[in-house]
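Let's take a walk through this structure together. Keep the sequence and the 3D view open as you read, and follow along stop by stop.

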Amino acid sequence: MDKATRYPAARLAEACQTRLVGAGALPDDAAQTVRAMMHASQLGTDSHGVRLIGYYVDMLEKGGVNKRPRRQFSHTAPATGRLDADFGLAHAASYEAMDHAVSLALTCGVGAVTVHHSTHYGAGGAYALAAAEQGVVSLVLSNSDPAVALAGGRAPFHGTNPIAMGAPVRDRRPWLLDMATSSIPFNRVKLYRSLGLPLPPEVALNEEGHPTLDATQARFLQPLGGMAYGHKGAALAGMVTILSAVLSGADPDPIMTSTAAAQEGHKPQNVGHIMVAFDPTRFIGQESFEAGMRDYLDLLRASPAAEPGVPVCAPGDKEWEEADLRAELGIPVDPDTEHLLGLA
């Protein structure tokens with residue numbers, strides 16, 4: 001994002017809220033969408049941050065997203081539930097589902113809530129963090145439309161199917177994992193196109209199924225592990241599909257409406273998510289768990305580094321460092337998004 005202009009978080013949030021409400025979103029749903037986008041932009045996950053504003057506006061204006069959803073939560077057992085997102089903006093549904101999962105966990109020790117009839121929910125880490133900030137360990141999974149080849153395949157089958165997890169740490173920011181089971185998220189390909197940058201090796205394939213570094217030629221992604229070890233990423237993607245889509249009643253990746261078709265309003269997607277929360281109090285105890293996390297991370301960060309001056313990092317370390325930098329310098333915005341938000 002070296003070519004991007006930086007803006008204060010508050011200005012970006014206000015501009016995004018205005019744009020979403022102007023496109024017909026309910027103010028509260030728009031606010032939750034902005035909350036999730038700003039989470040990504042503040043932590044440096046620009047592919048899932050404010051640059052998605054154009055996509056969500058298109059979805060609202062062209063019918064790919066229900067502007068007035070009536071979400072329904074069903075409490076199915078002491079520790080489980082289902083949320084019908086009614087094809088609305090997924091961020092509001094996802095935060096709601098995680099709130100239910102946390103509430104169930106505080107009652108039962110573990111809480112799990114599936115979401116169906118949902119749409120693209122951005123960065124899963126936003127919802128994992130929301131739970132971790134309440135002292136709860138969280139796991140967040142979501143499927144998506146096909147954009148990733150199977151190992152050895154030459155056509156898209158799975159979605160990028162991200163995995164996110166958060167855990168509280170005594171006197172420190174939470175441990176935070178947020179990763180795709182593909183080589184990279186496809187939104188990052190779009191970001192590289194916007195910035196005119198080449199892709200890293202072994203992350204994307206062209207229309208013929210051959211590796212490419214040209215973001216404009218990339219048609220789908222390789223699974224995590226690339227050419228040699230992609231079977232591992234493909235298996236993880238399958239795990240996510242089973243838990244988030246098959247278990248919830250959402251569409252499995254290969255038959256889900258494509259992002260492009262949904263964006264044109266042809267048919268809404270039926271994306272599935274699952275939010276799982278674990279209350280440490282019911283296991284080792286809150287204080288012991290958070291202290292154990294602190295001690296574990298001290299050991300991890302003290303591990304010898306392969307390169308001088310390049311320390312080993314835990315999931316979330318680089319993101320929290322970037323968040324501090326962006327709080328001081330502002331959040332970089334690519335030229336296309338800058339124009340869409342009326343900032344240019």
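A residue is called buried when its relative accessible area is under 20%, exposed when that area is over 50%, and partly exposed in between, using a 1.4 Å probe and protein chains only. What you're looking at is a predicted model, so local features need pLDDT of at least 70 and side-chain atom pairs count only at pLDDT 80 or more, while totals for chains, interfaces and linings use all residues. Residues are numbered from 1 along each chain as its sequence is written, and side-chain values use heavy atoms, with hydrogens and water left out.

With that in hand, go to Q263. At 18% relative accessibility, Q263 counts as buried. You'll find Q263 in helix α8, residues 259-263. Helices (H or I, at least four residues) and strands (E, at least two) are DSSP runs, numbered from the N terminus. What does Q263 touch, not counting residues up to four places away in sequence? It's Y55, D58, M59 and K62, where contact means heavy atoms within 4.5 Å.

Next up is a pair of helices. Helix α1 (residues 9-22) and helix α3 (residues 53-62) have axes that come within 9 Å and cross at roughly 15°. Those axes are lines fitted to C-alpha atoms, for helices over the stretch in contact, and the angles run from 0 to 180 degrees between N-to-C directions. That makes α1 and α3 roughly parallel to each other. The label goes to angles under 35 degrees; over 145 would be roughly antiparallel, 65 to 115 roughly perpendicular, and the rest oblique. The crossing of α1 and α3 is right-handed, meaning that the near helix is turned clockwise from the far one by less than a right angle (anticlockwise would be left-handed). On the α1 side, the contact is made by C16, R19 and L20, and on the α3 side by I53, Y56, V57, L60 and E61. Sorted by class, this contact has 6 nonpolar, no polar and 2 charged residues. For the sorting, Ala, Val, Leu, Ile, Met, Phe, Trp, Tyr, Cys and Pro count as nonpolar, Asp, Glu, Lys and Arg as charged, and the others, Gly among them, as polar.

Now for another helix pair. Helix α4 (residues 90-108) and helix α5 (residues 125-132) pack at an angle of about 30°, with their axes 10 Å apart. So α4 and α5 are roughly parallel to each other, and their crossing is right-handed. From α4, the residues making the contact are H91, S94, Y95, M98 and V102, and from α5 they are A126, Y127, A130 and A131. How do the residues of the contact of α4 with α5 divide? There are 7 nonpolar, 2 polar and no charged.

Time for some backbone angles. Most residues other than glycine have a negative phi, and most peptide bonds are trans. F87, in the loop between β3 (80-84) and α4, has a positive phi near 65°. F87 is partly exposed, at a relative accessible area of 24%. H117 isn't a glycine, but has a positive phi of about 55°. H117 sits in strand β4, residues 110-118, and is partly exposed, with a relative accessible area of 24%.

Helix α6 (residues 186-195) comes next, with F186, N187, V189, L191, Y192 and L195 as its buried residues. These pack against β11 and α11 (335-340). Right after α6 comes G196, with a positive phi near 70°.

For a look around β11, try N206, in the loop between β10 (204-205) and β11 (220-221). Is N206 buried or exposed? N206 is buried, with a relative accessible area of 15%. Leaving aside neighbours within four places in sequence, N206 is in contact with T212, Q217, R219 and F220.

F220 also turns up among the contacts of P156, along with P146, A147, V148 and A149, again leaving aside neighbours within four places in sequence. P156 lies in strand β7, residues 156-158, and counts as partly exposed at 37% relative accessibility. The C-alpha atoms of P156 and L221 are separated by 7.6 Å, although the two are 65 residues apart along the chain.

Last stop, the cysteines. A disulfide is taken here as a pair of cysteine sulfur atoms within 2.5 Å, and by this rule the count is 0 disulfides. C108 is partly exposed at 32% relative accessibility, and C313 is partly exposed at 38%.
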